[in-house]
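User: I would like to go through this model one question at a time, with the reasoning spelled out before each answer.

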Amino acid sequence: MKIHEIPLRFVKSFLIEMEGKRGILVDAGTPGSGNKIVNYINSVGVKQIDYVIFTHSHQDHIGGAHELKVSLNSKFCIDENGKDYLEKGLVREPVVHSAFLKFVFSIGKPFFFKKTEGVPPDIILKEGELEDGIEIIRTSGHTNDSISIYVNDLNSVIVGDTLQGTRNGLKYPSIYENWDDLRKSVEKIKSLSSSMIYVSHGVSSNKFLI
Ligand SMILES: [Zn+2]
Ligand SMILES: [Zn+2]
C-alpha cells in the first residue's frame, strides 16, 4: 500500500494505492484537473479506482469531479453536508480570516469560482470503516462537511484542508467556518499519532506547530 500525492494547480489530490492495482482517489482538484489526475493514475499502473472520496466541497477539491466521472468507474463519496455542492456543481465560498485572503478573494471571486457541472454522489459518508483498513473520520471546522481518511496499514491520515502545511510543520488553516469545531478536529487528528499527515495545501508532515 502506498499514498501518492498528485500535485495540481495550488492543491493536491491523493491516490491510495491498494492491492491488485486498485486504488482510492481523494479529491478532484480545480475544474480542468481531470486529465492530469487520470494520467497520473495510469502512469503508476493502477487499473481500477473503487472510490473517489472528497475531503470537503470547496471548489479546489470537487472542481474536477464531473471530468473524472466520465473516465473512472468509481463510487463518488462525500459528507451529507457537501452533497448539494457536488450534485449541483455549486460554489461553496471559503470563509476567510486573514486580511490578505479577504483582499485576494474580494478582487478575484469571479475569476476563482465558477459553477461547474454537478455529479450525483453514490455514497454519503458515515464516520467509521469505509472498507478494510480505510476509516472515515468527521473533522468539521474548515467546512461543516470536512472529513479525514485514516489508512490503517500505513498509520497515515489524509486531512484535506483541516490542517495546512508549512516547511516546518502543520498549522491551522486561515480559512474556516467554525473555530471550535476546527480546534476539536485537530485534536482528534493529533490523537491518532499518525506517522504522516497528508495535507492538500503545503507540505505534508507529522510535526504540529499548534
Ligand atoms: Zn477547503
Ligand atoms: Zn483547498
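Analyst: A residue counts as buried when its relative accessible area is under 20%, and as exposed when that area is over 50%. By that cut-off histidine 56 is buried, and aspartate 161 is buried as well. The model is a predicted one.

User: Which residues are the protein donors of the zinc ion (ligand 1)?
Analyst: In sequence the donor residues of this zinc ion (ligand 1) follow the spacing H-x1-H-x83-H-x18-D. The donors lie 2.1 to 2.2 Å from the ion, and they are His56 (NE2), His58 (ND1), His142 (NE2) and Asp161 (OD).

User: Which residues coordinate the zinc ion (ligand 2)?
Analyst: For the zinc ion (ligand 2) the spacing of donor residues in sequence reads D-H-x99-D-x39-H. The coordinating atoms are at 2.1 to 2.2 Å, and they come from Asp60 (OD), His61 (NE2), Asp161 (OD) and His201 (NE2).

User: What is the arrangement of the four donor atoms around the zinc ion (ligand 2)?
Analyst: Four donors count as tetrahedral if all angles lie between 85 and 135 degrees. Around the zinc ion (ligand 2) the four donor atoms subtend angles of 85 to 160°. At the zinc ion (ligand 1) the angles among the four donor atoms are 91 to 164°, and that site is irregular. For the zinc ion (ligand 2), the angles likewise make the arrangement irregular.

User: How far apart are the two zinc ions, ligand 1 and ligand 2?
Analyst: Aspartate 161 coordinates both ions, and thus bridges the zinc ion (ligand 2) and the zinc ion (ligand 1). The distance between the two ions is 3.5 Å.

User: How many residues apart in sequence are the parts tied together by histidine 61 and aspartate 161?
Analyst: Histidine 61 and aspartate 161 are both buried. Histidine 61 lies in helix α2 (residues 59-62), whereas aspartate 161 lies in the loop between β10 (156-160) and β11 (164-165), so the parts that this pair ties together are separated in sequence by 100 residues.

User: Is aspartate 50, which forms a salt bridge with arginine 22, buried or exposed?
Analyst: The closest N and O atoms of aspartate 50 and arginine 22 are 2.2 Å apart. Aspartate 50 lies in strand β4 (residues 48-53) and arginine 22 in strand β3 (residues 22-26), so the salt bridge ties together parts that are 28 residues apart in sequence. Arginine 22, at 28% relative accessibility, counts as partly exposed. Aspartate 50 has a relative accessibility of 18% and therefore counts as buried.

User: Which helix holds both lysine 83 and glutamate 87?
Analyst: These two residues form a salt bridge in which the closest N and O atoms are 3.2 Å apart. Lysine 83 is partly exposed at 28% relative accessibility, and glutamate 87 is partly exposed at 32%. The two are four residues apart, about one turn of the helix, and the helix is α4 (residues 83-88).

User: What separates aspartate 180 from arginine 183 along helix α6?
Analyst: The side chains of aspartate 180 and arginine 183 meet in a salt bridge at 3.7 Å, N to O. Aspartate 180 is partly exposed, with a relative accessible area of 42%, and arginine 183 is partly exposed at 36%. Because they are three residues apart in helix α6 (residues 179-190), the separation is about one helical turn.

User: Why is strand β2 largely enclosed by the rest of the structure?
Analyst: Strand β2 runs antiparallel to strand β1 (residues 2-7), to which six bridges join it, and it also runs antiparallel to β3, with four bridges between them. In the pairing with β1, isoleucine 6 has serine 13 as its bridge partner, while glutamate 17 stands opposite glycine 23 in β3. Strand β2 (residues 12-17) is largely enclosed because, of its six residues, the number that are buried is five.

User: Which residue's backbone oxygen does the side chain of serine 156 reach?
Analyst: Serine 156 lies in strand β10, and at 4% relative accessibility it counts as buried. Leaving aside neighbours within four places in sequence, its contacts include Ile3, Tyr150, Met196 and Tyr198. The side chain of serine 156 reaches, at 2.9 Å, the backbone oxygen of leucine 154.

Methods: Residues are numbered from 1 along each chain as its sequence is written. Chains are lettered from A and ligands numbered from 1 in the order in which they are written. This is a predicted model: local features need pLDDT of at least 70, side-chain atom pairs count only at pLDDT 80 or more; totals for chains, interfaces and linings use all residues. Side-chain values use heavy atoms; hydrogens and water are left out. Donors are N, O and S atoms within 2.8 Å of the metal (3.2 Å for Na, K and Ca); water is not among the atoms, so sites may look incomplete. Four donors count as tetrahedral if all angles lie between 85 and 135 degrees; four count as square planar and six as octahedral if opposite donors are over 155 degrees apart and all others between 65 and 115; anything else is irregular. Buried means under 20% relative accessible area, exposed over 50%, partly exposed in between (1.4 Å probe, protein chains only). A salt bridge is a side-chain nitrogen of Lys or Arg within 4 Å of a carboxyl oxygen of Asp or Glu. Two strands pair if DSSP finds at least two bridges between them. A polar contact is a pair of N or O atoms within 3.5 Å; within protein, one must be able to donate a hydrogen and the other to accept it, and residues adjacent in sequence count only if both atoms are side-chain atoms. Contact means heavy atoms within 4.5 Å.
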